[in-house]
Amino acid sequence: MSNLPCPCGSDVSFSKCCDGYIRGKRVPETAEALMRSRYTAYVIGNVPYLLESRHPDFITENEALDIQSWIKDVTSWDKLEILVAEKGTAKDKLGWVAFNVFFHQGDREESMCEYSRFSRLNGRWVYEEGELD
Ligand SMILES: [Zn+2]
């Protein structure tokens with residue numbers, strides 16, 4: 001998979017994109033890059049990364065199980081589409097990203113639109129919470 005295009009849709013190979021973030025070799029510089037790497041973690045089923053990249057104040061009690069059951073229900077992750085990214089650059093403390101995720105559950109084509117907020121915790125971008133549209 002490493003030479004294939006990254007699942008996040010960046011047009012860069014997986015090994016040069018989200019793989020390094022997920023394996024902890026690199027830190028995403030922007031909220032958008034973190035968001036993309038979280039999508040990729042869903043695609044490859046990396047639950048620990050999804051928990052690590054979350055602000056601890058916002059993690060729910062059953063978060064790991066909820067993530068696992070969602071991943072299990074999805075038969076294919078089809079596309080991530082970033083709609084807007086506000087702030088969230090290397091010099092910001094907060095950032096917002098609006099995105100669409102397209103996926104299949106069995107034969108059903110589904111999509112989800114979310115407006116997510118990110119903040120910096122110990123110098124690293126983390127996901128706080130999102131509003132579904
Ligand atoms: Zn990527």
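Student: Which helix is proline 48 found in?
Tutor: Ground rules for this predicted model: local features need pLDDT of at least 70, side-chain atom pairs count only at pLDDT 80 or more, and totals for chains, interfaces and linings use all residues. Residues are numbered from 1 along each chain as its sequence is written. Helices (H or I, at least four residues) and strands (E, at least two) are DSSP runs, numbered from the N terminus. On that basis, proline 48 is found in helix α3.

Student: Does proline 48 count as buried or exposed?
Tutor: Count C-beta atoms, placed from the backbone: 20 or more others within 10 Å of a residue's own make it buried, 12 or fewer make it exposed, and anything in between is partly exposed. Proline 48 has 10 C-beta neighbours inside 10 Å, so it counts as exposed.

Student: Proline 48 and alanine 64 are 16 residues apart in sequence, so how far apart are they in space?
Tutor: Take the distance from C-alpha to C-alpha. Across those 16 residues of sequence, proline 48 and alanine 64 end up apart in space by 8.2 Å.

Student: Zooming out, what pattern does the protein follow along the sequence?
Tutor: There are four helices and four strands to place. Read along the sequence, they give α-α-α-α-β-β-β-β.

Student: What order do the strands of the open sheet have?
Tutor: Strands count as paired if DSSP finds at least two bridges between them. β1 and β2 pair in the antiparallel sense over ten bridges, while β2 and β3 (residues 108-121) do so over twelve. The edge strands, each pairing on one side only, are β1 (76-87) and β4. Put together, the four-strand open sheet has the order β1-β2-β3-β4.

Student: In β2, what is the bridge partner of alanine 85?
Tutor: Look at the hairpin of β1 and β2, where six residues lie between the strands and glycine 88 takes a positive phi near 70°. Follow alanine 85 across to β2 and the bridge partner is valine 97.

Student: At about what angle does α2 run to β1?
Tutor: Axes are lines fitted to C-alpha atoms (for helices, over the stretch in contact), and angles run from 0 to 180 degrees between N-to-C directions. Contact means C-beta atoms, placed from the backbone, within 7 Å. Helix α2 lies across β1, β2, β3 and β4, and its angle to β1 is about 165°.

Student: How many of the 14 residues of α2 are buried?
Tutor: The helix covers residues 31-44, with its end C-alpha atoms 20 Å apart, which agrees with the expected 20 Å (1.5 Å times one less than the number of residues). Glycine 45, with a positive phi near 70°, follows α2. The helix is largely enclosed by the rest of the structure, because its buried residues number 13.

Student: Which element gives the most to the largest nonpolar core?
Tutor: A nonpolar core is a set of buried Ala, Val, Leu, Ile, Met, Phe, Trp, Tyr and Cys residues joined through C-beta atoms within 7 Å. Of the 23 residues in the largest one, those touching the most other members include Ala31, Leu34, Met35 and Phe118. Elements giving two or more residues are α1 (18-22), α2, α3 (47-52), β2 (94-105) and β4 (124-132). With eight residues, the top contributor is α2.

Student: What radius of gyration does the protein have?
Tutor: The rule for a globule is 2.2 Å times the number of residues to the power 0.38, taken over C-alpha atoms. With 133 residues, a compact globule would be near 14 Å, and the protein agrees with its 14 Å.

Definitions and conventions: Two residues are in contact if their C-beta atoms, placed from the backbone, lie within 7 Å.
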